[in-house]
Amino acid sequence: MRTTQTLDLNDARAIIDAGIAEAEGIGNPMNIAVVDAGGCLLAFARMADAWRGSVDIAIGTPR
């Protein structure tokens, strides 16, 4: 039997918060995307002054 762990919105927010803290720590604003096991977006954050072009990259949206 295979078990699949899932994330909920609270998990996604915790991951976003950790990503923001790391980005602030290295002084590099980021776009941070959290997706579920199926690749569907759960949460997204774009920090001030983050490169706008990386929004699509973070989410994984093809251009």
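Biologist: Two strands pair if DSSP finds at least two bridges between them. Over how many bridges do strand 1 and strand 2 pair?

Modeller: This is a predicted model, in which local features need a pLDDT (the predictor's confidence in each residue, from 0 to 100) of at least 70 and side-chain atom pairs count only at pLDDT 80 or more, whereas totals for chains, interfaces and linings use all residues. Residues are numbered from 1 along each chain as its sequence is written, and side-chain values use heavy atoms, with hydrogens and water left out. Helices (H or I, at least four residues) and strands (E, at least two) are DSSP runs, numbered from the N terminus. Strand 1 and strand 2 pair in the antiparallel sense, and the number of bridges is five.

Biologist: In what order do the elements of the protein chain run from the N terminus on?

Modeller: The secondary structure of the protein chain comes to two helices and two strands. Helix 1 covers residues 9-26, while strand 1 spans 31-35 and strand 2 spans 41-46. Helix 2 takes residues 54-59. From the N terminus on, the order is α-β-β-α.

Biologist: In which helix is confidence lowest?

Modeller: The mean pLDDT of the protein chain is 87, and 94% of its residues reach 70 or more. Where pLDDT is low, the predicted coordinates should not be read in detail. Confidence is highest in helix 1, at a mean of 97, and lowest, at a mean of 71, in helix 2.

Biologist: Which six residues form the largest nonpolar core?

Modeller: A nonpolar core is a set of buried Ala, Val, Leu, Ile, Met, Phe, Trp, Tyr and Cys residues joined through side-chain atoms within 4.5 Å. Buried means under 20% relative accessible area, exposed means over 50%, and partly exposed lies in between (1.4 Å probe, protein chains only). The largest such core consists of Ala12, Ile16, Ile32, Val34, Ala43 and Ala45.

Biologist: Which elements give two or more residues to this core?

Modeller: One of the core residues, Ile16, shows how the elements meet. Setting aside residues up to four places away in sequence, isoleucine 16 touches Ile32, Val34, Ala43, Phe44 and Ala45, where contact means heavy atoms within 4.5 Å. The elements that give two or more residues to the core are helix 1, strand 1 and strand 2.

Biologist: Is asparagine 31 buried or exposed?

Modeller: Asparagine 31 lies in strand 1. Its side chain reaches the backbone oxygen of tryptophan 51 at 2.8 Å. Because its relative accessible area is 9%, asparagine 31 counts as buried.

Biologist: Which residue is the bridge partner of valine 35 in strand 2?

Modeller: The partner is partly exposed, with a relative accessible area of 43%. Beyond its neighbours within four places in sequence, this residue is in contact with Ala33, Val34, Val35 and Ile59. Its C-alpha atom and that of asparagine 31, ten residues apart along the chain, are separated by 13 Å. The bridge partner of valine 35 is leucine 41.

Biologist: Near what value is the positive phi of glycine 39 in the hairpin?

Modeller: Glycine 39 is placed in the loop between strand 1 and strand 2. It is partly exposed, since its relative accessible area is 46%. The hairpin has five residues between the strands, and there the phi of glycine 39 is near 85°.

Biologist: Which residue other than glycine has a positive phi near 70°?

Modeller: The residue lies in the loop between strand 2 and helix 2. It counts as exposed because its relative accessible area is 73%. The residue with this positive phi is aspartate 49.

Biologist: How far apart in space are glycine 39 and glycine 27, C-alpha to C-alpha?

Modeller: Glycine 27 is found in the loop between helix 1 and strand 1, and it is exposed because its relative accessibility is 61%. Glycine 27 also lies 30 Å from alanine 37, C-alpha to C-alpha, with ten residues of sequence separation. Glycine 39 and glycine 27 are twelve residues apart in sequence, and their distance in space is 28 Å.

Biologist: What share of the residues of the protein chain counts as buried?

Modeller: Along its principal axes, the C-alpha trace spans about 45 × 30 × 15 Å. Of the contacts with a separation of 6 or more, 27% join residues 24 or more positions apart. The chain has 63 residues, and the share that counts as buried is 19%.

Conventions:
A polar contact is a pair of N or O atoms within 3.5 Å; within protein, one must be able to donate a hydrogen and the other to accept it, and residues adjacent in sequence count only if both atoms are side-chain atoms.
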